[in-house]
Amino acid sequence: MSVDAAHLSTALSAPVRHETGATKTATGAFGRRLAVLALRQGSMAVFIGVLVYFSIAAPYFFTVGNIGNVLGQSAIAGVLAIGLTIVIIAGGSNVVTGGIDLSLAANMGLSAAVYASLLQAGQGDAVAIIGALGTGLVIGAINAAAITLAGIVPLLATLAVMNVVAGLELVLTQNTVVPASSDFLSAVSASGPFGIPVLAYVLLGFAALVAALVQYTPLGLRLYAVGEFPEAARAAGLRVKLFISGAFLASGLCGGFAGILSVSYLSGSTTGAGDMLLPVVVTALLGTVFSRRLVPTIGGTLLATLFVSSLINGFQLLNISSTLVSGVQGLLILLVVSATTLLQRKGNQ
Amino acid sequence: MATSVVWNEADDIIRLSDIVKRFGGAQALSGASLAVRRGTVHGLVGQNGAGKSTLIKLLAGLHAADEGVIEIDGTAYASLSPQQVEHLGIHFIHQDRLLVPTFTVGEALFLGREPRIPGTPFLDRKRMRQTSAEILDRYFGLRLPHSALIGELTAAEKQIVQITRALLDNPKILVFDEPTAALVRREAELLFTLIRRLRDEGITILYISHYLSEIVDLCDTVTVLRNGRDVATLPVKKTSAKEIGALMVNRDIAELYPKPKVLPGRPFLELDGLGLANRYADVSLTLHRGEVLGLTGLVGSGAKELLRTLFGLETATAGTVAIEGETVFSASPAAATAKRLALVPEDRRRDGVALDLTVSENTTLASLDRFGRAGLLDKGAEKRQARELIERLQIKTDSADALVRTLSGGNQQKVAIAKWLSRQSEIYLLDEPSVGVDIAAKVEIYTLIGELAARGAAVIVLSSDIDELLGITDRVLVFFRGRITREFISAETSPDQVLAELTGANETLRHVG
């Protein structure tokens, strides 16, 4: 890295004065900033407001035990949402043509089934882990190929892959529960330090690792450039398709990883993994409102994961029908996507 | 090939010789040459379609030449790849600024060559921030808040960021493609000062612009392209904007314009002080029945926006529009068509016709209520109308049931006009009506425009082809930076007069404040 201002001093010996209001940014930017601020602060306020309400209405809500519970329960969705976030970063946040991976939940289901089936077949945890991660990676590779080689939009490509994967899971498990137990699985689903589930630590650790990679390395910066403005990325010498493929591989891997966590959490592989899709999409989209630039970030996604899980947990504690949760999640998607789309459109004017 | 100045060849950093480039049947370049002397600012001008952008894309490695040689710094290349171009130290400052809007200035500057915190894989954001702030302040006097995002900068600020990005790579050659298109005058002056300084420090500049006044101000040498070849390379000191303009204009096809003599009738459309914020201001004109009025102007001059306003696609922010003395307010295309206005848009394949409908369906598309019978479509009446129009406009099609997609460009354009004839529209707004059609079809379209006027309609033609415009209109209004700066009587005007006005060659530049 030898880029610095040194050679510029020969190119330009004296400054050219920029007279036109040097510190003034474009008109309209202020209004947009204000709206973004309102959206962010508003979301935070709603988040905190909901937590306070639950704490008052259901005193058990705000206890170390329950918070640990929430974290543990959200581990699987959180890992999937982090995978989806990577894809949205690299594919762009346009809801129709941008990055999305609908196959993530089904991927988790199949990976879990592979893991449980391998244990049933007498294999050890190491083989099962490789099997589950490998399954996720292959699914990611198929997505990547369909999108970058065949040129299908991610929304459609991953929808197709989702159905194929869900079908494979049915074939493998005959639509039944495949129980699985091992020392490793028990260790992961156990309670860790401070009585908080190990799964909670796994989520936090994983989020920290991916956040370091995505928010703090050149790789991450380039990933954002590819998603936000592919032409600019190309002009900067980046190989756009390579980054997009990489993002889908990473997301596939997240699916496999979430599969392992789910086998541990549920002591086996169960059907109905597809139900996980909606909360994961809500989480990843909701995460964007926690960022100043209204872009997906790993930190924002982690916050959103906790919000969505608290919501589900709070509803349970208050004995509100769980069928309502789906409706609330659908509403959240509509709200978040309209707000960010409107603001982005305003920003582009 | 008519190079009137011969340089010592060793001094040329870029030499493009006898370049030929075809796209399908169309010949974009037919033996163009360009020699740029080291350490100079070299202008490149030409009308739309003269081959400027093709030549630049060849230099950028985006196209490969069919014939000819490219020499950079004394080495000959059959073709270049974008990577090679960058390696050779050639950088492009694009019209559309390629910067990620959600990035900070530091991130945008260093994308692709990010500094890392020593000994870690992590971005050195502090260094990115400090270095970029330091460079921008020291060399451009530009101070931006640390957190400023690219999307929040003005066009001029973005351009400075883009130039800085190129400078970080220590370039030998900088190519500016219409850099002032989005700048106001003061910002453009700043850019010129900067370009001269870069030249004085030894960087060679290739400068492409429509504004001839800029070329004369800024460049040392200018090459004029016309019809895919270079017609002259001149030292700017020994020429003038008018002479350059005259060289750009094509004089070969002047006899193409059959213009019937129509005496203008009663005033039909009257605009008084019409304005659209930041686009154009103070447009007043009267259009008579039987009159063909020409509009022309560079991209962003406001001419196209005026047509869009008249058709209800934009809402005027000042002034009034009156049709036959009655003030009208067209807030939507539906309201405009009801007032007998018709727009034939520039991109006819996208906006002008429905490619996958038949000729018959297209011709009646804007007037379907005339063909209804008890809520159903009277297919017989529709077809009779279509046949009549096919006959009248001499649309070359196998039948009224052929898909419009199968027609030639010129015939598609006739269908786009037929749609409004069926609607009995009387004020025709034609946006670049002959773009992309062959010469024979052009003449047919011109004849059709003449017929419309002869039948008492009023026609406004917006075109960037000045020969065409003078050939088919009665009057031509020139837009420059948002205002009508000049009115010409077509029959008494030569193309270079219009071009000089259009490009601001004999203007002190004006713009809408």
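What pLDDT does chain A average, and what share of its residues score at least 70? Chain A averages 83, and 89% of its residues score at least 70. This is a predicted model, so colouring by confidence is a good way to begin.

**Stop 1: the start of chain A**

Select residues 1–27 of chain A. Here pLDDT stays under 50, although the model has 54 contacts beyond four places in sequence for this stretch. Where pLDDT is low, the predicted coordinates should not be read in detail. Have a glance, then move on.

**Stop 2: Ala225(A)**

Next, pick helix α9 of chain A, residues 218–228, and find Ala225(A) within it. Is Ala225(A) buried or exposed? Ala225(A) is buried, because 28 other C-beta atoms lie within 10 Å, and 20 are enough to count as buried. Leaving aside neighbours within four places in sequence, its contacts in chain A are Ala232(A), Ala233(A), Ala236(A) and Leu238(A). Show chain B as well, and you will find Val100(B) and Leu111(B) in contact with Ala225(A) too. Now draw a distance from Ala225(A) to Ile89(A): these residues are 136 apart along the chain, yet their C-alpha atoms are separated by 8.6 Å.

**Stop 3: the largest nonpolar core**

Ile89(A) leads us to helix α3 of chain A, residues 64–91, which gives the most to the largest nonpolar core, with 15 residues. That core has 247 residues, and the members touching the most others are Val79(A), Leu80(A), Tyr115(A), Leu429(B) and Val459(B). Select Tyr115(A) and look around. Not counting residues up to four places away in sequence, Tyr115(A) touches Ala128(A), Gly131(A), Ala132(A) and Ala180(A). Its other contacts are Gly259(A), Ile260(A), Val263(A) and Ser269(A).

**Stop 4: a six-stranded sheet in chain B**

Switch to chain B, which has 17 helices and 22 strands. Buried residues make up 50% of its 513 residues. Find the open sheet with strand order β6-β7-β8-β3-β9-β10, where the pairing is mixed. Its edge strands are β6 (90–93) and β10 (229–235), each pairing on one side only. From one strand to the next, the twist averages 20°.

Zoom in on β3 (41–45) and β9 (221–226) of chain B, which pair in the parallel sense over four bridges. His42(B) stands opposite Thr221(B) here. On the other pairing, β9(B) and β10(B) are antiparallel over six bridges, and Val222(B) has Leu234(B) as its bridge partner. These two strands form a hairpin with two residues between them; in the turn, Asn227(B) has a positive phi of about 50°.

Now add the helices. Helix α6 (185–200) of chain B lies across β3, β7 (173–177) and β8 (204–208), running at about 145° to β8(B). Helix α8 (241–248) of chain B also packs on the sheet, touching β3, β9 and β10, and its direction makes about 25° with that of β9(B).

**Stop 5: a four-stranded sheet**

Finish at the open sheet of chain B with the order β12-β11-β14-β15, whose pairing is antiparallel. Why is one side of β12 (280–288) and of β15 (326–328) left without a neighbour in the sheet? Both strands stand at the edges and have a single partner strand each, so one side of each has no neighbour there. Neighbouring strands are turned by 25° against each other on average, direction ignored. Inside this sheet, five bridges join β11 (267–276) to β14 (318–323). For a last selection, take Asp272(B), which stands opposite Thr320(B) in β14(B).

Methods
Residues are numbered from 1 along each chain as its sequence is written. Chains are lettered from A and ligands numbered from 1 in the order in which they are written. This is a predicted model: local features need pLDDT of at least 70, side-chain atom pairs count only at pLDDT 80 or more; totals for chains, interfaces and linings use all residues. Two strands pair if DSSP finds at least two bridges between them. Axes are lines fitted to C-alpha atoms, for helices over the stretch in contact, and angles run from 0 to 180 degrees between N-to-C directions. Two residues are in contact if their C-beta atoms, placed from the backbone, lie within 7 Å. A nonpolar core is a set of buried Ala, Val, Leu, Ile, Met, Phe, Trp, Tyr and Cys residues joined through C-beta atoms within 7 Å. A residue is buried if 20 or more other C-beta atoms lie within 10 Å of its own, exposed if 12 or fewer, and partly exposed in between; C-beta atoms are placed from the backbone. pLDDT is the predictor's confidence in each residue, from 0 to 100.
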